[in-house]
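Colleague: I work at the bench and rarely read models. Can you walk me through one, feature by feature?

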Amino acid sequence: MKLKRLAITLIGVISCCQLLSAQKSFWDSPDAYLGQPRPSGTPAVFAPGLPAEKGTFIMGRVAFSQDGKEFYFTQNDSWESGAHAKLEMIRYADKQWGKPVVIAEQKLSPTLSMDGQTLYMRKPDMKSVWQAHRTAGGWSEPAAFLEKPFGVYDFMPTLSGNAYVGSDPDADDVKNGITNSFSVMTMLNGDVKVKSLGRPINEPGFNGDLYVAPDESYMIVSAKETQTYQSELYISFRKPDLTWSVPVSLGPNINDGLAHRWGQYVSPDGKYLFYSHGTSEKDCAIYWVRFDKLLKSLRPKG
């Protein structure tokens, strides 16, 4: 029986290694990232020819599946309203990228679960999260997952089961002039609790747009928000005591002047940072930049 169990375990390990190898080979292939030329340390518009209906643009957070063969994005015609927003997917099959398929109307911010079987999204508000489940033919109809009287904005799950959101400030936040706070969410037996991450990762004003690494080792936040929501991208690292370090700028190549920067997202291979950038709706686009080397240079030493 021990030999049989060992054989089964070895088969599982080999299969897992083969899957990881296949995933890596696609990420490294010319077809990855919609076949786009890779940027260096200077941000570039991602897929400038990405299909969008006349009068619309691509905005907000994007997402790739773990194997890199599905790309999710939102097409919209306004920063102020999601009435005409469409959450769409492009899939790589038969050695080519297909055409966009609409997953959901009036939904934004696609975010995949850690196992890739659930697609999270939000309505044009800050207090609800919707979800669709993977089916044999694609995705189920979206249904409400969280509808709360408090903020669950920019919902981002992690490997531990925790999720991170922009939510209501706690009493200490209010004393510090914080109107919306980066927070950790725990969900146990239907009980949902949100706790502010406090200072210094939260600063006076609005704190809502975020990306957190699956292992919760770092968080990229929109910081230095103006009253009209222009911002820069900063990074904070989680310390051994589970508090967060003082956020630092991702540098002048990314923070190169006054603009809206949000929808930050790191590809599953860890190599590229994606984010929305625009000084107005007219020039709004998804940008991407090489990130793994930048991350290494910013990590605390020791």
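Colleague: Which residues does F46 touch, not counting residues up to four places away in sequence?

Modeller: First, a caution: this is a predicted model. F46 touches Y33, L34, Q36, F64, F71, F274, I286, Y287 and W288, with residues up to four places away in sequence not counted.

Colleague: How should I read a list like that?

Modeller: Start with the general idea. In soluble globular proteins, nonpolar side chains tend to be buried together. Now the case here. The largest nonpolar core has 61 residues. F46, Y218, I220, L273 and F274 touch the most other members of that core. Strand β18 gives the most to this core, with five residues. Another core, of nine residues, lies apart from it. Among its members are Y120, V129, V165 and M185.

Colleague: Let's stay with β18. What is the order of the strands in its sheet?

Modeller: The order is β17-β18-β19-β20. This is an open sheet of four strands, with antiparallel pairing. β17 (210-212) and β20 (248-249) stand at the edges. Each has a single partner strand, so one side of each is left without a neighbour in the sheet.

Colleague: How many bridges join β18 to β19?

Modeller: Six bridges join them. β18 covers residues 218-223, β19 covers residues 232-237, and the two run antiparallel. Take one pair as an example: M219 has S236 in β19 as its bridge partner.

Colleague: Now the empty space. How is it found?

Modeller: Rolling a probe the size of a water molecule over the atoms shows where empty space is left. In this model, the largest pocket holds about 710 Å³ of space.

Colleague: Which residues lie nearest the centre of the largest pocket?

Modeller: W79, R122, Y153, Y229 and W262 do, out of 28 lining residues. The elements giving two or more residues to this lining are β2 (57-64), β3 (70-76), β7 (108-112), β12 (153-157) and β21 (260-266). The largest share, four residues, comes from β21. By class, the lining has nine nonpolar, 11 polar and eight charged residues.

Colleague: What about the second largest pocket? What is its volume, and what lines it?

Modeller: About 570 Å³ of space lies there. Its lining has 30 residues, and F64, Q66, P214, Y265 and P268 lie nearest the centre. At least two lining residues come from each of β2, β7, β12, β17 and β21. The lining divides into 15 nonpolar, nine polar and six charged residues.

Colleague: A pocket is open. How many cavities of 30 Å³ or more are there?

Modeller: The count comes to one. The largest cavity has a volume of about 60 Å³. R61, S109, T111, Y120, M121, R122, V129, V152, D154 and F155 line it. The elements giving two or more residues to this lining are β7, β8 (118-122) and β12. The largest share, three residues, comes from β8. By class, the lining of the largest cavity has five nonpolar, two polar and three charged residues.

Colleague: One last residue. Where is S140 placed?

Modeller: S140 is in the loop between β10 (138-139) and β11 (143-147).

Colleague: Why does S140 count as partly exposed?

Modeller: Because its relative accessibility is 23%, and the partly exposed class lies between under 20%, which is buried, and over 50%, which is exposed. Leaving aside neighbours within four places in sequence, S140 is in contact with A132, H133 and T135. S140 and A104 are 36 residues apart in sequence, and 9.8 Å apart in space, C-alpha to C-alpha.

Key:
Residues are numbered from 1 along each chain as its sequence is written. This is a predicted model: local features need pLDDT of at least 70, side-chain atom pairs count only at pLDDT 80 or more; totals for chains, interfaces and linings use all residues. Side-chain values use heavy atoms; hydrogens and water are left out. Two strands pair if DSSP finds at least two bridges between them. On a 1 Å grid over the protein atoms alone, a cavity is a set of points where a 1.4 Å probe fits but cannot get out, and a pocket is an open set with protein on both sides within 12 Å along at least five of seven lines; lining residues have an atom within 4 Å of a point. Grid points are joined across faces, edges and corners, and a volume is the space filled by probe spheres set on the points. Ala, Val, Leu, Ile, Met, Phe, Trp, Tyr, Cys and Pro count as nonpolar, Asp, Glu, Lys and Arg as charged, and the others, Gly among them, as polar. A nonpolar core is a set of buried Ala, Val, Leu, Ile, Met, Phe, Trp, Tyr and Cys residues joined through side-chain atoms within 4.5 Å. Buried means under 20% relative accessible area, exposed over 50%, partly exposed in between (1.4 Å probe, protein chains only). Contact means heavy atoms within 4.5 Å.
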